[in-house]
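Student: I'm new to this one, so could you take me on a close look at a single part of it? I'd like to hear about the salt bridges, plus any odd spots in the backbone.

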Amino acid sequence: MRIASTSCICPVLFCLCFVQRCYGAAHHGSIKVTRNQTKHTEGETEVHHRPKRGWVWNQFFVLEEHMGPDPQYVGKLHSNSDKGDGSVKYILTGEGAGTIFIIDDTTGDIHSTKSLDREQKTHYVLHAQAIDRRTNKPLEPESEFIIKVQDINDNAPKFTDGPYIVTVPEMSEMGTSVLQVTATDADDPTYGNSARVVYSILQGQPYFSVDPKTGVIRTALHNMDREAREHYSVVIQAKDMAGQVGGLSGSTTVNITLTDVNDNPPRFPQKHYQLYVPESAQVGSAVGKIKANDADTGSNADMKYTIINGDGAGVFSISTDKETREGILSLKKPLNYEKKKSYTLNIEGANTHLDFRFSHLGPFKDVTMLKIIVGDVDEPPLFTMPSYVMDVYENAKIGTAVGTVTAQDPDTANSLVRYFIDHNTEEDRYFTIDANTGTIKTAKIFDREETPWYNITVAASEIDSPGLVSHVPVGVRILDVNDNPPELAREYDIVVCENAKPGQVIQTITATDKDNSANGARFHFSLDEGPSLNPNFTLRDNEDNTASILTRRRKYSRTTQDIYYLPVLISDGGVPPLSSSSTLTIRVCACERDGRVRTCHAEAFLSSAGLSTGALIAILLCVVILLVFSLAIVVLFITLRRSKKEPLIISEEDVRENVVTYDDEGGGEEDTEAFDITALRNPSAAEELKYRRDVRPEVKPVPRHHPSSSLDSVDVQEFIKQRLAEADLDPSVPPYDSLQTYAYEGHRSEAGSISSLDSVTTHSDQDYNYLGDWGPEFKKLAELYGQIESERTT
């Protein structure tokens with residue numbers, strides 16, 4: 001199969017199409033191949049080879065943006081098997097087959113039905129096949145070919161990153177690179193000049209230029225001054241087709257700002273300034289401002305102000321405000337119009353950040369002269385001292401002079417001054433002051449030991465201008481007088497052991513004095529014993545404001561005397577000297593061999609054990625509670641013993657069955673004699689009245705006599721009622737916590753009683769043989785009782 005390339009559409013592109021065809025013939029040239037033979041030059045014979053593919057193959061090209069009314073012809077497919085009789089059918093498949101590209105199945109002509117855009121899709125891959133129309137069998141194997149979309153100049157260059165904002169330092173050299181701009185063209189850069197871009201400057205000359213090939217923007221002038229012009233707007237154009245006529249173009253804007261450099265020295269607007277400052281200005285306060293102008297900005301305009309000379313350099317100081325770049329003039333010392341009425345200062349303002357490239361434009365500093373005029377102000381009185389310290393003795397009489405303060409009017413008028421004390425605190429009320437002389441006097445009697453120092457404030461004002469007031473602090477120190485005798489530093493608990501030896505130190509004492517060291521630095525100790533000598537203890541002055549207590553004899557006895565009292569006299573070294581007497585208490589205690597206290601009297605022992613008063617009270621309270629509890633237990637035990645009941649029935653019988661309920665813990669087996677049940681079961685046994693043994697009845701009851709014949713006829717129920725009535729009427733019966741249960745069985749049954757109680761006092765003639773008729777269980781019982789009865793009879 002062979003391919004016929006597309007013919008040129010436009011006459012302008014005729015040469016290009018011709019070159020394309022030649023190029024295609026050279027590199028993709030048509031090769032005509034038959035199925036079973038190969039053509040050779042003339043004179044050569046035919047040589048048969050193996051069959052080869054019978055396609056004549058090449059690439060197809062189609063122009064983009066075709067706007068004609070008819071489909072655009074692309075090319076032609078032809079098979080060596082096609083004899084022109086219409087028996088071969090061509091089939092086209094792949095990208096765009098049937099929609100964008102159609103084929104005449106008889107001739108193999110391919111057409112494009114739509115306008116194509118190379119920037120959207122550069123080529124299409126399709127497949128071609130030739131088949132027999134009658135049999136539908138392939139005449140050639142399916143082959144792949146490409147249809148490329150040929151570019152035309154239909155896209156203008158574009159600056160994708162614009163507009164641009166860029167800076168360049170002022171005063172830069174000509175040709176300094178500012179920025180490189182780049183434009184892109186969507187056309188095919190490998191075909192013609194459609195994508196070949198050339199740059200040019202449309203706006204911004206003569207300040208800037210642009211390289212037509214690279215797009216680099218550069219400065220075009222020397223020494224571009226920011227202070228003259230800071231912002232520039234440069235328009236750059238990019239044109240394709242190498243800038244030729246008919247090419248497409250695009251443009252962008254580059255905003256260029258000149259950045260500042262320190263190329264301008266500071267300058268004061270004036271060479272001479274004048275400033276008025278009142279003499280009442282406070283030290284440390286700002287009294288004026290001065291500023292040197294600098295056309296630069298930022299750090300290039302930073303300034304530092306200094307006072308380089310002048311008679312006011314020691315009175316005034318200057319600092320720099322970093323925000324406003326102003327010089328702030330402050331007062332270092334107070335002004336006095338009466339002493340000096342004016343000052344002169346030379347002030348220098350200099351840049352702090354220098355650029356040595358522009359040092360030839362300097363110097364980058366300037367100097368101006370400032371004259372300061374001091375204004376006269378009516379001032380308050382001025383004290384001769386900033387503060388006063390005065391002394392007065394304690395116990396001084398009211399009205400004693402403490403000291404004098406003095407103030408004067410600093411103005412030329414020299415007005416009279418009046419003094420007074422500001423009574424803002426309680427301490428100010430302890431003193432008075434003479435309004436004319438300023439003499440301070442006491443208003444109370446002071447005690448140094450109570451308050452050794454007082455602080456007051458004295459005020460002074462002019463008589464002509466009472467509103468102008470000045471103040472001064474006054475400290476009053478209270479001087480000491482020896483008015484307090486020395487005394488023991490603390491209470492001493494002195495112990496002497498029974499086995500102490502003569503000359504043994506048992507305690508060291510010290511003293512204190514409320515007066516200061518000048519009136520009590522040295523204490524003297526001695527025994528206040530009168531004419532008699534203390535035979536037990538002595539005192540030794542250590543001459544270091546302490547004294548030692550020593551034993552004078554051997555052996556002390558607590559049984560003989562357990563406490564000794566030792567009077568001590570203490571005197572100070574003041575003028576006049578004062579003394580006081582104190583009594584030491586010495587306790588005698590039993591000690592170990594190493595001197596440790598073993599025991600003293602009760603108070604000393606408890607004290608040495610470290611028991612406080614609260615602990616002692618708690619211990620005593622616990623002891624009292626234990627005693628009361630023990631006493632309660634004893635009383636309860638005695639009460640229970642007394643409430644124990646004696647046996648209610650006294651009998652010599654050995655066989656008893658008593659049912660007794662006890663609510664107490666006494667008695668036990670002894671209470672089996674509480675009542676004789678036999679008397680209830682057998683009324684004939686109750687022949688006489690039995691009295692209680694635990695109480696003595698106040699009225700002795702009359703004995704009852706029953707005939708023997710009547711005892712046999714007494715019923716048990718009647719007997720119990722009789723006993724109950726006797727118990728209720730007996731005045732000597734106390735209320736016992738006991739319950740006596742009487743089991744009354746009623747009248748004798750036909751079977752009789754099976755209890756053995758009656759066997760003790762009576763003989764029964766009961767026949768137990770009838771029990772055998774009640775069943776096997778009772779038959780064994782009848783035999784048992786019958787045997788027992790026979791043994792008893794025998």
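Tutor: Here's a walk through the salt bridges, followed by some backbone oddities. Keep in mind that this is a predicted model, where local features need pLDDT of at least 70, side-chain atom pairs count only at pLDDT 80 or more, and totals for chains, interfaces and linings use all residues. Residues are numbered from 1 along each chain as its sequence is written, and side-chain values use heavy atoms, with hydrogens and water left out.

A salt bridge here is a side-chain nitrogen of Lys or Arg within 4 Å of a carboxyl oxygen of Asp or Glu. By that rule there are 17 salt bridges. Let's start with Arg-133 and Asp-105, whose closest N and O atoms sit 3.8 Å apart. This pair ties together distant parts of the chain, 28 residues apart: Arg-133 is in the loop between strands E7 (123–132) and E8 (143–150), and Asp-105 is in the loop between E5 (101–103) and E6 (109–112). Strands (E) are DSSP runs of at least two residues, numbered from the N terminus. As for exposure, buried means under 20% relative accessible area, exposed over 50%, and partly exposed in between, using a 1.4 Å probe and protein chains only. Arg-133 is partly exposed at 30%, and Asp-105 is partly exposed too, at 26%.

Next up, Glu-326 and Lys-289 meet at 3.9 Å, N to O. They link strand E20 (326–331), home of Glu-326, to strand E17 (286–290), which holds Lys-289, 37 residues apart. Lys-289 is exposed, at 65%.

Then there's Asp-493 with Arg-587, at 3.0 Å between the closest N and O atoms. Asp-493 sits in the loop between E32 (487–488) and E33 (494–497), while Arg-587 belongs to strand E39 (579–591), 94 residues apart. Here Asp-493 is partly exposed at 48%, whereas Arg-587 is buried at 13%. Salt bridges can also join up: Arg-226, Glu-227, Glu-230 and Asp-260 are linked in a network of them.

Now the backbone. Most residues other than glycine have a negative phi, and most peptide bonds are trans. Against that background, the bond joining Gly-162 and Pro-163 is cis, with omega about -5°, and Pro-163 lies in the loop between E8 and E9 (164–169). Gln-205 to Pro-206 is also a cis bond, with omega near 5°. Met-171, which isn't a glycine, has a positive phi of about 60° and sits in the loop between E9 and E10 (177–180).

Terms used:
Helix = DSSP H or I, 4+ residues; strand = E, 2+ residues; numbered from the N terminus.
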